[in-house]
Structure formats: C-alpha cells, structure tokens
Amino acid sequence: MKKEDCIFCRIANGEIPSRTIYEDQKFRVILDLNPATKGHSLILPKDHASSLYDLPDETAAAALVLAKKLASVLRDRLGCDGLNVVQNNGEAAGQTVPHFHLHLIPRYENDGKILEWTPGKATEEELDEIKEKLTKQV
Ligand code: AMP
Ligand code: ZN
C-alpha cells in the first residue's frame with residue numbers, strides 16, 4: 001500500500017520523476033540526489049513501510065536479493081572497488097526519509113571516509129550483561 005504524503009512512495013510508484021536504474025513489480029531503484037559516491041543508489045519498495053521494523057519478511061528477503069543483483073551491475077558498469085549496503089532506521093540512526101530503503105554506495109580506492117566509526121571499548125562484564133539481556137527467555 002502507498003502512503004499519500006510519502007515522497008518515496010510517490011517516487012517508487014512513478015508519480016515523481018527520478019533517475020531510475022531498475023524497476024520491477026515490487027521495487028524501484030533510483031540514483032540518490034545527494035550521492036556519497038558515484039553511483040550511490042536507493043532501493044525503494046513500492047509498498048510503504050516506514051522502516052525495517054514494519055517491513056514484511058517477503059519484502060526484506062527480496063530487497064537483499066535485489067541488492068546482490070545490483071552489486072554486480074555497479075561493479076561491472078562503474079568499476080567500483082567495493083560496495084557498502086546501508087540501511088538507517090529512525091532519526092537516531094540517521095534516517096531522514098521514513099520509507100524503508102537500502103542505500104547501495106559504490107566505493108572506490110581512496111574515496112575518503114564515508115562510513116567509519118570509532119571503535120569503542122567494553123568490559124567483559126558489560127558484554128556479558130548485554131548478551132544476557134538479548135538472550136534471556138522472557
Ligand atoms: P536516509 O538518511 O537513510 O533516510 O536517506 C535518505 C536519502 O534519500 C538521502 O541520501 C537523500 O540524499 C536521498 N533523497 C532524498 N530525497 C530524494 C529524492 N527526491 N530523490 C533521490 N534521493 C533523495
Ligand atoms: Zn512511503
């Protein structure tokens with residue numbers, strides 16, 4: 001289902017023009033207007049889901065299969081040396097458009113720091129506590 005006031009619904013369903021590099025019944029893949037690198041693309045499902053939390057399993061699975069297919073296209077056509085697949089959920093994680101999308105960011109040798117974080121530190125106790133929280137039966 002489409003959401004009327006959602007810009008990515010409107011793009012995915014062809015109501016707003018975009019530079020489309022792939023389209024099928026379930027997805028449209030477009031070039032990002034503010035590319036992190038040459039060829040930065042977005043996989044947009046045509047049905048609205050605001051984030052991974054409400055994405056149907058079937059769409060989640062198909063999106064990754066499509067990412068795999070396009071990874072080869074980006075490598076073969078653009079000659080990139082690597083690829084980041086990025087997916088943000090919620091403002092705290094940097095999501096700016098609340099319609100699920102996968103970023104495909106082709107990487108080139110020496111293209112700079114794009115997705116790096118500073119490795120943190122955790123004690124053995126902290127790691128054990130998190131593991132317990134995430135695995136205990138509720
Ligand atoms: P995120 O921050 O993960 O929600 O990513 C949103 C992405 O959508 C950003 O990289 C924007 O540059 C991109 N974007 C926003 N509006 C458009 C648009 N109309 N066409 C193409 N890309 C867009
Ligand atoms: Zn939408």
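Begin in this predicted model with the turn that links the first two strands: select S1 and S2, and you will find them joined by a hairpin through 3 residues. With both strands still highlighted, follow the pairing itself, in which S1, covering residues 20–23, runs antiparallel to S2 over 3 bridges. To see one of these pairings at the level of residues, select Tyr22 and look across to S2, where its bridge partner is Val29.

Next, zoom out and colour the whole protein by secondary structure, which shows 3 helices and 5 strands. Traced from the N terminus, these elements follow the order α-β-β-β-α-β-β-α, and the C-alpha trace that carries them spans about 50 × 40 × 25 Å along its principal axes.

Now select ligand 1, which sits in the largest pocket, and display the residues around it. Strand S2, residues 27–31, appears again here, since both this strand and helix H1, residues 7–12, supply at least two residues each to the shell around the ligand. Colouring that shell by residue class gives 7 nonpolar, 7 polar and 1 charged residues. Of the 15 residues around ligand 1, those that come nearest are Asp32, Asn88, Gly94, Thr96 and His103, and three of these merit a separate look.

Select Asn88 first, where a polar atom of the side chain lies 2.9 Å from an oxygen atom of ligand 1. Move on to Thr96 and show its backbone, because here the polar atom to find is a backbone one, placed within the 3.5 Å limit for a polar contact at 2.7 Å from an oxygen atom of the ligand. Then select His103, whose side chain has an N or O atom 2.8 Å from an oxygen atom of ligand 1. Finally, switch on a surface for the ligand: taken alone, ligand 1 exposes 510 Å², and the protein buries 83% of that area.

Conventions:
Residues are numbered from 1 along each chain as its sequence is written. Chains are lettered from A and ligands numbered from 1 in the order in which they are written. This is a predicted model: local features need pLDDT of at least 70, side-chain atom pairs count only at pLDDT 80 or more; totals for chains, interfaces and linings use all residues. Side-chain values use heavy atoms; hydrogens and water are left out. A residue is near a molecule or strand if one of its heavy atoms lies within 4 Å of it. A polar contact is a pair of N or O atoms within 3.5 Å; within protein, one must be able to donate a hydrogen and the other to accept it, and residues adjacent in sequence count only if both atoms are side-chain atoms. Accessible areas come from the Shrake-Rupley method with a 1.4 Å probe; for residues, only the protein chains shown count as cover. On a 1 Å grid over the protein atoms alone, a cavity is a set of points where a 1.4 Å probe fits but cannot get out, and a pocket is an open set with protein on both sides within 12 Å along at least five of seven lines; lining residues have an atom within 4 Å of a point. A molecule sits in a cavity or pocket if more than half of its atoms lie within 2 Å of its grid points. Helices (H or I, at least four residues) and strands (E, at least two) are DSSP runs, numbered from the N terminus. Ala, Val, Leu, Ile, Met, Phe, Trp, Tyr, Cys and Pro count as nonpolar, Asp, Glu, Lys and Arg as charged, and the others, Gly among them, as polar. Two strands pair if DSSP finds at least two bridges between them.
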